[in-house]
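Colleague: I would like to go through how to read a few features of this model. Could we start with charge and then move to the fold?

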Amino acid sequence: MFKPLRIGKHEARYPLIQGGMGVRISAGSLAGHVAKCGGVGLVASPGITLNSEFFDGKNYLKTNCVALKDEIRKAYEIAPDGIIGVNVMVALTDFEELVVAAVEAGAKVLVCGAGLPMTLPGLTAHAPDVALVPIVSSVRAAQLIAKKWDKAYNRLPDAVVVEDPDTAGGHLGEKMENIGTGEYDQYETVRGVKEFFRSEYGLDIPVIAAGGIWDRADVLHALAEGADGVQMASRFVTTVECDADDAFKQAYLDCKKEDIGLIMSPAGLPGRAILTNQEGIVSYDRDHGSVCSYGCLKKCSYKESGERFCIVKSLDRAQRGEVDSGLIFCGTNAWKATRIETVQEIFDEIFAETGVVAEDQAA
């Protein structure tokens with residue numbers, strides 16, 4: 001059998017976290033069904049108010065937290081006893097407010113990337129049972145976070161996600177020129193992070209591999225290489241329960257391997273996406289005279305100078321099915337999607353208790 005994944009005080013039946021996909025790709029429905037199946041379901045907080053009943057076109061920052069709480073509520077309606085968490089990007093203007101809202105709504109796990117969440121323990125000090133999980137791509141980043149948290153808050157991460165910039169989707173925590181060179185070794189980083197916490201603090205905290213995880217073989221490989229679990233996102237897009245429009249899911253089904261590549265986000269981070277509609281993404285804002293009206297990011301080249309495009313609006317268009325002008329984030333393996341399936345079918349395939357199991361692989 002696969003070992004359960006224990007993160008802080010919470011134990012998932014299976015060692016799988018569903019990755020956060022912003023602007024309502026992973027909202028209450030997907031997160032709830034993943035949790036119901038025995039994984040950790042994450043509601044992604046970026047742009048969660050868009051395409052919701054709370055947004056009137058002008059009240060983005062005022063309603064983001066309200067919409068986040070509502071999606072967490074929906075997830076718990078699906079999985080009352082499940083492990084529901086929230087992914088919060090450090091780069092968001094309302095990072096602190098969203099963290100507080102997530103805790104208030106009952107999130108059991110907070111996963112934070114797109115920057116180093118140095119203040120996270122202070123924001124959650126009143127809720128010690130909430131597990132705190134930073135996303136890193138290097139041992140150095142894990143060290144910086146741990147030492148800051150330990151010194152300032154007497155707190156350490158409950159788990160660490162190690163994201164592979166060569167395979168992961170969405171915003172990536174690495175410089176564009178360093179991605180795809182063949183020099184990055186994800187599992188060397190996984191083992192390095194585990195060894196750091198063991199040697200420095202005497203702790204064996206879970207380290208989660210993220211990026212490029214698609215099937216049972218990928219999960220078994222990650223566990224055999226020293227990871228305690230995996231984070232998987234793109235595979236869940238083409239599910240019945242995913243919160244995206246059917247046209248968004250169809251874009252995954254239609255894309256080819258060579259259609260997937262890197263863009264530079266106005267957030268100042270590289271991102272991986274389906275690139276067949278790049279001109280439509282940029283021209284939409286130009287043709288419609290769009291301006292930054294939401295202020296969703298702390299730093300944004302579009303907000304500051306009109307450079308590139310409005311990322312949250314482009315992601316919102318894609319989520320609602322306007323795939324010709326919307327940004328469709330994905331991992332390198334999105335082209336492997338061949339059909340719409342259910343979350344339960346994915347769990348049944350990956351965690352079928354037959355054949356060689358993870359503990360045998362790691363032995």
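Colleague: How far apart are the mean positions of the positive and negative charges?

Modeller: Lys and Arg count as positive, Asp and Glu as negative, with His and the chain ends not counted; each charge is placed at NZ of Lys, CZ of Arg, CG of Asp or CD of Glu. Here the 37 positive and 51 negative charges have mean positions 4 Å apart. This is a predicted model, where local features need pLDDT of at least 70, side-chain atom pairs count only at pLDDT 80 or more, and totals for chains, interfaces and linings use all residues. Residues are numbered from 1 along each chain as its sequence is written, and side-chain values use heavy atoms, without hydrogens and water.

Colleague: What does the radius of gyration say about the protein?

Modeller: The radius is taken over C-alpha atoms, and the globule rule is 2.2 Å times the number of residues to the power 0.38. For 363 residues a compact globule would have a value near 21 Å, and the protein's 19 Å agrees.

Colleague: Is strand β13 covered or not, and which strands pair with β13?

Modeller: Strands are DSSP runs (E, at least two residues), numbered from the N terminus. Buried means under 20% relative accessible area, with a 1.4 Å probe and protein chains only; in β13, residues 270–274, 5 of 5 residues are buried. Two strands pair if DSSP finds at least two bridges between them. β9 (residues 170–171) runs antiparallel to β13 with 2 bridges, and H171 stands opposite G271. β12 (residues 260–264) is also antiparallel to β13, over 5 bridges, with I260 partnering I274.

Colleague: What links β12 and β13?

Modeller: They form a hairpin with 5 residues between them, and G268 in the turn has a positive phi of about 90°.

Conventions: Buried means under 20% relative accessible area, exposed over 50%, partly exposed in between (1.4 Å probe, protein chains only). Helices (H or I, at least four residues) and strands (E, at least two) are DSSP runs, numbered from the N terminus.
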